[in-house]
Amino acid sequence: MPAPNHAPSPSTLQDAIETYLAEIRRNASPHLTAAYQQALKLFIEMLASQLNIKARSTPITELRVGWAEDYLRYLQAERAVETEHLYSRAVLDFYTTAEQNGWANVDASQLATYLRKNRRPKQHRIPDPPVQAISTIVDYAASMPVPQGEDINERDQLRILRDKAFILTLADTGLKVSEICDLRRKHVDLAQQLLHFENIPLSLSSRTAQAIQSYLTARQKLDAQQRLQPDHGELALFARHDKRASSKILPISRWTASNIVDEWVRLALPEQMRAELEERGQVISPQTFRHYFVVTMLEQTGDLSTTQTLARHSDPSTTRRYMQYLEETKQLNGAQPEQKHG
């Protein structure tokens, strides 16, 4: 959610939505930005067609919770349940921003309660991660050389080293995006090639441990400058290396994490493979790497209990859905006709 800003308040609903989306574009991944733009565009269209409310002429001060409730009912009649959840989240975030910035006197918590009680429940679908595509990204990250010397400045070099280590850690551990952004140096034991998270030791491959070591070694001088946090173990494992961060060690945000994945999808995957993923509706995000981790762990071990522990699934039925995916995939592959050789 965008932070409250102190710029002049927008005057109309259209102005407010455009101001909100501009902040989303600065902080969110391209995929989320596009989705929220579509959600609010449809919201505006619904207001005009169903309630005769014109966004360009309606003062933002007239914003009402009831409009979003009408939007939910519209989504339930016109859109799939996944779209309903995504688009209603976008509108709730907009209402929350409008309330926090003082653009309109709306109760976003009231809307959140309404949405929680009245959304259609999501169906629990079997995950279908693009395993081959993610394997390609991981191999690319492991093998990509980092420019040295005069070919690159220090900040860009740190960023590339960080991104390589980040991608490999995602694949090795299956951490959620919020979890990997919160990691500290103390969580990693590179000598033992382990990452300790919630008292669960997660194994790191040698190439991941080496990537993290290379990144932290290159960061030594920057870490030594952190007078406010002399205990290096408490410093963020994956830090920001943008101009605004300057010489501070600040943890990356989930928006940065999503942008890293987006960038490496573009770098690592051929255009044809990206087009095929888009045609199948498969989007690679940090969460997709979590699905990849669970699938590959089940393939390697065949052990539901161990995989459930490492993935930290509270409900074993969640892990079983991944096993069902693997079994169905094997059946489909086995059903392919054999090639005849003459």
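**Exercise 1. Determine how many residues lie between β1 and β2 in their hairpin, and which residue of the turn has a positive phi.**

Solution. In this predicted model, β1 and β2 form a hairpin with 4 residues between them. Within that turn, Q193 has a positive phi of about 55°. Turning to the pairing itself, strand β1, which covers residues 188-189, runs antiparallel to β2 over 2 bridges, and D189 is found opposite L194 of β2.

**Exercise 2. Work out which side chains of β2 are buried, and describe how β2 pairs with β3.**

Solution. Begin with strand β2 (residues 194-197), along which the side chains alternate between two faces. L195 and F197 point to one face and are buried, that is, under 20% relative accessible area, whereas L194 and H196 point to the other face and are not buried. Next, β2 pairs with strand β3 (residues 200-203) in the antiparallel sense over 4 bridges, and the buried L195 stands opposite L202 in β3. Finally, the hairpin formed by β2 and β3 has 2 residues between the strands, and E198 in its turn has a positive phi of about 50°.

**Exercise 3. Compare the span of helix α13 with the expected value, and identify its buried residues.**

Solution. Helix α13 comprises 16 residues, 286-301. From its first C-alpha to its last it reaches 23 Å, which is close to the 22 Å expected at 1.5 Å a residue. The buried residues of α13 include the aromatic side chains F289, Y292 and F293, together with R290, among others. After the helix comes G302, whose phi is positive, near 65°.

Key. Residues numbered from 1 in each chain as written. Predicted model: local features only at pLDDT ≥ 70, side-chain atom pairs only at ≥ 80, totals over all residues. Heavy atoms only, no water. Expected span 1.5 Å × (residues − 1). Buried < 20%, exposed > 50% of the residue type's maximum accessible area, 1.4 Å probe, protein only. Pairing = 2+ DSSP bridges.
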